[in-house]
Amino acid sequence: MAGLCGWFAVNAASPAGALEAQGQALPGLSGAPDAQCTNRLGGCRVRGGWIAQEADVIAAITGHPQWRDPALARRAREHDPAQALLEAWRQHGIGLFEQVGGDYALAIVDSGHGRLVAGIDRLGQTPLHFAHLDGGVAFGTSAGCVAAHPAVATEVTREGLYHYCFFHMLPAPVSLFSGLEKLPGAHRLTHNGDRAEVSRYWRPRFEEDSAATPEALEHALHEHAQAAVERRADSPRPGAFLSGGLDSSTVAGMLAGMHPGADSFSIGFDAPGYDEMEYARIASRHFGTQAHEYYVTPEDVVDAVPRIAGSYDEPFGNSSALPAYFCARMAADAGITRLLAGDGGDELFAGNARYAKQGVFEHWGRIPAPLRHHLLDPLFTRLPRGLPLAGKARSYVEQARIPLPDRLQTYNYLHRLAPETMFAPEFLAAVDREAPWELMRGIYAQPQSASSLNRMMYLDWQQTLADNDLRKVTGMCQLAGVDVAFPMLDDDLVEFSCRVPSDLKLRNGRLRHFYKEAFTGFLPDAIIDKKKHGFGLPFGVWMQEHAPLRELAYDSLLRLKGRNFLRDDFIDELIRLHREGHAAYYGDFVWILMMLDLWLESHPAARLA
């Protein structure tokens, strides 16, 4: 929830007032203290973080850093984390990333050696954007504070818009703005005066063979989760998100064990198929939390969504940002200083339904190739789609023939609705339509000797978590004015998850098998046995029923006609599909485009390059 920004240049001085301009654009908690330092090669500024200067070195760090070296941990306690970072730089140089953990963004400006080193935590819990300058870089934890540097261009790129429409957010290293990039998790940025270089400093090592018994692993999971919650609960008054799912219930339950009667915060929807409040109540009663509840209404959406859209430094299309905001606002009103969120457990321990679904498709590839190519492929792909069983068989084979990770996108709007029907021809001709696919494939291929399950989860670490869910929660907590931390993404817990074999994480189609076995007896049976549910917003359904919400959405879509990147007839067709077709499915895409329009409306300086 803190922020960091700065610049570094060897061959040319930064324009006067650059750091001040960046600092003014730096988001952060209201009332958080600011500090800045400069030397002859650059400067850093933090809001709610720590900064230290010693001779020719500036050290700045934000977030919730932890230190693996006991001496550095002691220095952080006795002084502050920036002093520990200075010492780590003196002792280890660029190897300091082996000494720091937790969630953080950091920067070292060393004018004595003419060098900048910046980086973020392993899971990308804290972002870092950067842009190249003449002989240096501008950097910061938001796109806005980098774009505020006078030497950085702020034009919106076609590639950024295309990636947003594909992913519904901007995945690292892609930015919406010309010249800006983002660090992926576990990466660092260095500049030695000649050029900037981005490199990885950590890679997970997945193991499929474990000498430990399942019972021993289950006990270890309890210990790691407990320690993670204890570390993140170090706040004057911590509370917890509580959706009633496995992870939020685990975190809230462990917090309540440390702080009896701890506050939990839950959101409901008065819409069939969307409300999970009863599960949150079951968990609250079970652990004895002080429950706070709020039911979001269509009126809340109309009132809050323009503010939410504009609060992000780049367009962001995850509709569950809205319930996250109301949950965080409820916590802030109750005096909570830090919320603990359960995000991450699904991506560590196989909780997303697509993992089981893709496992079923993987069976197709195990059939001998001659049998598939010469007999089964021709047979199944000629089956009529109109017959229920025949249609399902044909659909299965058509999807199974698509390799991972591409198969994960079979329900993507840009897969089901051809890009030629969506985008203006001149816009489409200017973008690399393969770029999102290549980005996804590259991440999927990075883990060494990993199962397809672990590769899918690793891809989700980078995109579903770092670029989507974590940005959603941190952004909404920041808007509400409360700090947030993610115990499930604790370094030790992440490394432990890599040692749990794939066939334990997901067994016979049972999501979270190992996790559920480990927490049986701790969590209520109703939560162990419940089906996977999201934190989604019934936007498409409400939009049919609530005229002001429908007017807000349709006005946004019609404004997009004047921005010359979507086809006018596609926008008209999308409105028709929502009215006459599947309201929930097409309502999601209406939301995504509405949020893009509202973001552009709130950032009038952002213009297409």
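This report walks through two sheets and one bent helix in a predicted model.

## The sheet from β2 to β10

Let's start with an open sheet of six strands, ordered β2-β3-β1-β9-β8-β10 and paired antiparallel. At the edges sit β2 (34–39) and β10 (180–182); each has a single partner strand, so one side of each goes without a neighbour in the sheet. From one strand to the next, the twist averages 15°.

Inside this sheet, β8 (residues 129–133) and β9 (residues 136–140) pair in the antiparallel sense over five bridges. Looking for a landmark? Phe130 has Phe139 in β9 as its bridge partner.

## The sheet from β4 to β12

Another open sheet of six strands runs β4-β5-β6-β7-β11-β12, again with antiparallel pairing. Its edge strands, β4 (50–54) and β12 (196–200), each pair on one side only. Here the twist averages 20° from one strand to the next.

Strands β5 (residues 57–67) and β6 (residues 100–110) run antiparallel and are joined by eleven bridges, with Pro65 opposite Gly102 in β6. Helix α3 (residues 81–92) packs on the sheet and touches β4, β5, β6 and β7 (115–120). The direction of α3 makes about 115° with that of β5.

## Helix α9 and its bend

Now for α9 (residues 298–311): at 1.5 Å a residue, its 14 residues should span 20 Å, and the end C-alpha atoms are indeed 20 Å apart. Even so, α9 bends by about 45° at Ala304, with a proline, Pro306, following within four residues.

Ala304 is also one of the buried residues of α9, along with Pro298, Asp300, Val301, Val305, Ile308 and Ala309. The cover over these buried residues includes β15 (290–296), α10 (321–333), α19 (452–480), α24 (539–545), α25 (547–560) and α27 (583–602).

How values were computed: Residues numbered from 1 in each chain as written. Predicted model: local features only at pLDDT ≥ 70, side-chain atom pairs only at ≥ 80, totals over all residues. Heavy atoms only, no water. Pairing = 2+ DSSP bridges. Helix = DSSP H or I, 4+ residues; strand = E, 2+ residues; numbered from the N terminus. Axes fitted to C-alpha atoms, helices over the stretch in contact; angles between N-to-C directions. Expected span 1.5 Å × (residues − 1). Bend = angle between axes of the 7 residues up to and from the residue. Buried < 20%, exposed > 50% of the residue type's maximum accessible area, 1.4 Å probe, protein only. Contact = heavy atoms within 4.5 Å.
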